[in-house]
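Reader: Hello! I am new to this structure and would like a close look at a single part of it. Could you pick one spot and walk me through its surroundings?

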Amino acid sequence: MALTDRTAKTAHTHDKAGTHDKAGTHDKAGTHDKAGTHDKAGTHDKAGTHDKAGTHDKAGTHDKAGTHDKAGTVPGIVIPAGMLPSDGRFGSGPSKVRPEAIEQLVSHAGVLGTSHRQAPVKSLVRRLRSGLSDLFGLPQGYEVALGNGGTTAFWDIATFCLIDKKSQHLSFGEFSSKFAKAAQAAPWLEDPEVIESPVGTHPWAEATAAVDLYALTHNETSTGVMMDLQRPPGAAPDALVAVDGTSAAAGLRFGAQEVDAYYFAPQKGLASDGGLWIALMSPAAVSRAERIKASGRFVPSFLDLATALENSRLDQTYNTPALATIVLALAQLEWILEGGGLEFSCGRCDRSAEILYGWAEASSFATPFVAKPDERSHVVATIDFDPSVDAATVAKVLRANGIVDTEPYRRLGRNQLRVAMFPAIEPSDVEALTACIDFVVGSL
Ligand SMILES: Cc1ncc(COP(=O)(O)O)c(C=O)c1O
């Protein structure tokens with residue numbers, strides 16, 4: 001059933017209670033729909049897309065041809081309208097949010113601003129948790145936990161609540177190195193093992209007797225490298241495998257039995273806003289968190305995984321969540337489930353990746369940055385440019401034409417574009433993007 005249908009039920013109940021009418025919230029929501037909030041927010045999707053993205057108009061650049069020249073930085077190249085993608089958002093975080101999800105958010109106006117401890121919000125959280133369990137085919141006993149703070153908070157949570165004494169981290173870019181740093185800084189833990197590999201590649205875990213948690217990253221967003229997930233052969237039977245799936249979740253496949261804690265935030269594959277962490281936890285990870293808590297280790301309440309689990313089981317979070325984030329995540333999740341689940345969402349990413357890397361390989365000026373084809377991410381592509389073409393200028397021209405956030409990860413410092421291919425992004429738009437890049441480079 002579509003998210004909107006179920007919401008309608010909730011709204012109906014409110015109407016009966018008369019609360020909406022008095023508060024006038026429902027009417028206002030209706031007014032929004034009529035007033036076309038979607039058009040304003042929905043950027044490229046309706047005709048005239050670019051103008052409505054707000055970027056150009058506010059910047060006052062695109063409409064007035066040549067205004068970029070005033071700044072002296074961006075050539076005034078105008079990409080023909082027929083060549084543009086239907087939506088110009090290719091950022092690697094947050095993801096493009098589908099206009100239909102925004103519509104569903106608007107249809108939930110009556111839930112926004114209500115208690116997260118009451119049935120209407122709790123039922124959304126319940127659907128999110130059970131939908132994720134279905135999407136990832138979680139084995140018996142696995143649980144879906146969630147809390148506030150995004151993935152960055154989860155690194156601290158894992159440092160307090162999942163690492164017993166010593167962890168091993170695969171470090172191959174900005175994000176994978178961060179959890180290693182958090183573990184390194186924790187005085188109650190032994191120094192972690194950190195296995196590094198050059199950017200554009202990934203290392204493999206190496207089983208060590210003393211390691212009780214292996215920290216992997218499914219997709220390194222800063223470099224566009226993805227890795228297959230498997231328990232390190234020879235790891236101690238009670239060692240946990242914790243995986244940062246922030247940019248991979250819903251876009252890359254994995255076997256749930258290979259992981260104990262697969263954690264992510266909903267602003268990428270789930271095309272929502274940030275601020276939340278979600279963790280798929282095996283029974284071993286759950287009991288590790290409970291055992292560490294029982295051991296008397298100091299754990300700040302906000303970072304207490306056992307507390308988060310207790311709340312999650314009640315379809316709540318420990319403290320107040322952003323309800324819009326939950327609604328948007330659920331809209332995307334149910335769209336994926338209705339489309340056929342992980343095969344549907346990963347299939348879209350596969351198609352986008354095939355288009356983008358195929359184009360780069362055939363191009364005279366672009367090359368996939370990641371050398372090994374099976375390590376080239378299907379959710380975040382990094383494309384190096386020949387030194388004769390300034391990728392930063394290309395990104396600026398694209399931006400001036402409404403195609404945004406193709407700049408490379410800032411600290412990677414390469415002459416490249418980084419293009420998200422999350423499930424919400426249409427493969428046909430990725431194809432249009434390649435034509436736009438060719439047009440821009442040909443016009444420079
Ligand atoms: C792989 C990966 N891990 C962690 C993060 C940080 O996530 P958050 O901003 O939710 O803390 C990101 C964000 O881009 C990411 O891509």
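Author: Happy to help; here is a walk that begins at one alanine and then moves out to other parts of the chain.

Please keep in mind that this is a predicted model. Across the chain, pLDDT averages 87, and 84% of the residues score at least 70. The chain has 17 helices and 12 strands. Of its 444 residues, 50% are buried.

Our starting point is Ala 289, which sits in helix 12, a helix made of residues 283-294. Is Ala 289 buried or exposed? It is buried, because 27 other C-beta atoms lie within 10 Å, and the cut-off for that label is 20 or more. Leaving aside residues up to four places away in sequence, Ala 289 touches Cys 161, Leu 162, Leu 305, Ala 306 and Leu 309. There is also Ile 163: it stands 126 residues from Ala 289 in sequence, yet their C-alpha atoms are 8.7 Å apart in space. For the chain as a whole, if you take the contacts with a separation of 6 or more, 74% of them join residues 24 or more positions apart.

Now let us widen the view to the helix pair around this alanine. The axes of helix 12 and helix 13 come within 8 Å of each other and cross at roughly 125 degrees. The two helices are therefore oblique to each other. On the helix 12 side, the contact is made by Val 286, Ala 289, Glu 290 and Lys 293, while helix 13 brings Leu 305, Ala 306 and Leu 309. Sorted by character, the residues of this contact are five nonpolar, no polar and two charged. Leu 305, Ala 306 and Leu 309 of helix 13 are also among the residues that Ala 289 touches.

If you follow the chain past helix 13, you come to Asp 315, in the loop between helix 13 (305-313) and helix 14 (323-339). Asp 315 has a positive phi of about 60 degrees, although it is not a glycine. Asp 315 counts as buried because it has 20 C-beta neighbours inside 10 Å. Ala 271 also has a positive phi, of about 45 degrees, and it is not a glycine either. You will find Ala 271 in the loop between strand 8 (261-264) and strand 9 (276-281). With 26 other C-beta atoms within 10 Å, Ala 271 is buried.

For another helix pair, look at helix 15 (residues 342-362) and helix 17 (residues 427-443), whose axes are 8 Å apart at an angle of about 15 degrees. That angle makes helix 15 roughly parallel to helix 17. Their crossing is right-handed. From helix 15, Arg 348, Arg 351, Ser 352, Ile 355, Leu 356 and Trp 359 meet Pro 427, Val 430, Glu 431 and Thr 434 of helix 17. This contact has five nonpolar, two polar and three charged residues.

Two last stops lie earlier in the chain. The peptide bond from Gly 93 to Pro 94 is cis, with omega near -5 degrees, and Pro 94 belongs to the loop between helix 7 (67-71) and helix 8 (99-107). Finally, please take care with residues 1-71, where pLDDT stays under 50. Predicted coordinates should not be read in detail where pLDDT is low.

Key: Residues numbered from 1 in each chain as written. Predicted model: local features only at pLDDT ≥ 70, side-chain atom pairs only at ≥ 80, totals over all residues. Axes fitted to C-alpha atoms, helices over the stretch in contact; angles between N-to-C directions. Helix = DSSP H or I, 4+ residues; strand = E, 2+ residues; numbered from the N terminus. Parallel < 35°, antiparallel > 145°, perpendicular 65-115°, else oblique. Left-handed = near helix turned anticlockwise from the far one by under 90°. Contact = placed C-beta atoms within 7 Å. Nonpolar A, V, L, I, M, F, W, Y, C, P; charged D, E, K, R; others polar. pLDDT = per-residue confidence, 0-100. Buried ≥ 20, exposed ≤ 12 C-beta atoms within 10 Å, placed from the backbone.
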